[in-house]
Amino acid sequence: MNLLFFCISRLLQLVPVLLGITIVAFLLLRVMPGDPATLMLGSRGTPEDIAALTSQLGLDRPLWQQYLSFLGDIARGSFGRSIAYKAEIGPLLIARLWPTLALVGLSTVIAVLMTIPLAMYTAVRRNGAVDHAVKFFFVTAMAMPPFWLGVLLVLPLAIAVPIFPVSGYGQDWLDKLHHLALPAFIIALGTAALTIRSLRSSIIAVLGADYVDTARAKGLPERSVLRRHVFRNSLTSTISVLAVHTSWVIGGTVVIETVFGIPGLGSLLVASISARDYPMVQGLTVTFAVLVVVINLLADIAYSIVDPRVSLS
Amino acid sequence: MKLLSQETVRRFKQNRNLQVGLFLLAVIVLTSLFGPSLVPYDPEELDFGNPLLAPTLQHPFGTDDLGRDVLARVVAAGQVDMQVVAVCVLLPFLIGSTIGLVSGYFGGWIDRVIMRFVDILWAFPFYVLVISIVGALGPSTTNIYLAFSLVVWISFARIVRGEVLLARRLEYTLAASVLGYSHARIMLRHILPNVITPAIVFMMADVVLTILGVTSLGFLGLGIQPPTPEWGVMIADGRNFIQDGWWISLFPGLAIVLVGLTFTLIGDGLDDLLRPKA
């Protein structure tokens, strides 16, 4: 009940942010210099074509009317019509949403699987050889452009020894997982670099707490002290690091989806920009921002479950 | 505030991160300045007789599909990329810090409006906004500067504002306002020096994000346009020859990693130097 109330009140707080997102996405392409219809048609547009497109897009109407009809489109779940696909944008976005969500989700799972053992080990054996090696590896990994890793790792892992597919998106879910594994791993390296650092330092902080000494003095085995008392209490700050970073990950899918030919929202954004499909770009920017907002909301809820002291109000 | 007190010098001598980082930065700057005159090849000169040569003493980084020397191109691209990154980091730093300073100092409705706007922009993933803006405006360095300025200032504004809110409560600020100093003088002379450190530390991390962003734009064909050598563009070029010429993509990427590593070390080092922990 309490949790439900918390969710509802958080959702209400989001309304102004969501409205703001639609305004920014709407204005983004209208404050640009030049006439959108002319830009979209490029050099092959005749004056008649430009006039027709201008009225089709409603660009001849006052700005507030255009915005209201944009909001109306969103409310109907359509986002208007795509110029390149000549179809309603909403259903196209839904179809593209799942590969992107799967990529973000899988990369987060991989990052967490790397983080937990490495952070615990390096926190307990800090300043050891493994600690230094892990730190150096992940600091370097953060500086690596994901698209570069995508281009290069294909050579040993997909061409020389064909463990992973070079690109594309499979048929059934196992095949899809196989196609997403390498790109998800590349994204996960950047995430893990942050979360390992964060979890390692909070574990070190918790290891110095009195209740850990108490647990040890009671004669609990070290394994159980670490798992039950240290680990759980170290998680909170890492969850918020993960949540803040998810926005970065979602943005990062734009490039990595293009590299691996995954039919998600990111590769659609790049294709739509190249095709000058402005209504599609507008719909995509709103979708990306809403994804970030929703994921932050989920992180808030996860936070309150892990740490009951966080008041649900 | 004395910047180079004996204490600071002592702390610098123990600060391995900062020393290594500054050394690498010197290497990068010197290579960008003098490299082009030391490499005996023109980065844009085609040599169809020698395409896709593997790295040798003659061509330490090999040649690309058009016979251009990859080393010469990596060095020339370094000049381009480092200049673009410098502007793309400094502009948002100046804009964001100013807005954060004003917002935090005056508070009230100015602060509420600005911070609401920051919250909204915050929801858009960095790459999505930058790519959309540059894509809509068309690829040019000016548009890249514009896109990064419009997107990244919010990080600096948030950091500086938070620090200003703390500093405003402290006694030296109260003392300055009791003395009747103008708002501008209190902000610039009294508050700014005490709040700017975290923004400078973040600026170093922002260099890493920005070099990845700028080269990503180049890689996608939305950034700096060929034939100007650029690291991201080079990696994209090498993609088609990954089996016969892996060096075309490898070396520009290593250059990006070197820049990223350098500024990560400088950022960590500055953090230790300027923000003593207990």
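Colleague: Which residue takes a positive phi just after α10(A)?
Modeller: In this predicted model, A:Gly261 does, with a phi of about 60°.

Colleague: What makes α10(A) span less than a straight helix of 39 residues would?
Modeller: At 1.5 Å a residue, a straight helix of that length would span 57 Å, whereas the end C-alpha atoms of α10(A) are only 44 Å apart. The helix also has a kink of about 40°, and A:Phe231 is at its centre. That angle is the one between axes fitted to the seven residues ending at a position and the seven starting there.

Colleague: How many residues does α10(A) give to the side of chain A that touches chain B?
Modeller: It gives eight, the most of any element on that side. The contact as a whole takes 37 residues from chain A and 34 residues from chain B. Helices that each supply at least two residues of the chain A side include α1 (2-28), α6 (129-143) and α12 (278-306).

Colleague: What is the make-up of that side by class, in nonpolar, polar and charged residues?
Modeller: The side of chain A that touches chain B has 30 nonpolar residues, seven polar and no charged.

Colleague: Why are α7(A) and α8(A) called oblique to each other?
Modeller: They pack at an angle of about 135°, with axes 10 Å apart. Roughly antiparallel requires an angle over 145 degrees and roughly perpendicular covers 65 to 115, so the pair is oblique. The crossing of α7(A) past α8(A) is right-handed.

Colleague: Which residues of α7(A) and α8(A) meet?
Modeller: Among them are A:Pro146, A:Leu149 and A:Gly150 in α7(A), and A:Leu182, A:Pro183 and A:Gly190 in α8(A). By class, this contact holds eight nonpolar residues, two polar and no charged.

Colleague: How many helices and strands does chain B have?
Modeller: Chain B has ten helices and zero strands. Its C-alpha atoms fill a box of roughly 75 × 50 × 25 Å along the principal axes.

Colleague: Why are α9(B) and α10(B) described as roughly antiparallel?
Modeller: Their packing angle is about 155°, and their axes lie 7 Å apart. Since angles over 145 degrees count as roughly antiparallel, the description follows for α9(B) and α10(B). Here α9(B) passes α10(B) in a left-handed crossing.

Colleague: What classes of residue make up the contact of α9(B) with α10(B)?
Modeller: It divides into seven nonpolar, three polar and two charged residues. Asp and Arg count as charged, and the meeting residues of α9(B) include B:Asp237 and B:Arg239.

Notes
Residues numbered from 1 in each chain as written. Chains lettered and ligands numbered in written order. Predicted model: local features only at pLDDT ≥ 70, side-chain atom pairs only at ≥ 80, totals over all residues. Contact = placed C-beta atoms within 7 Å. Helix = DSSP H or I, 4+ residues; strand = E, 2+ residues; numbered from the N terminus. Expected span 1.5 Å × (residues − 1). Axes fitted to C-alpha atoms, helices over the stretch in contact; angles between N-to-C directions. Parallel < 35°, antiparallel > 145°, perpendicular 65-115°, else oblique. Left-handed = near helix turned anticlockwise from the far one by under 90°.
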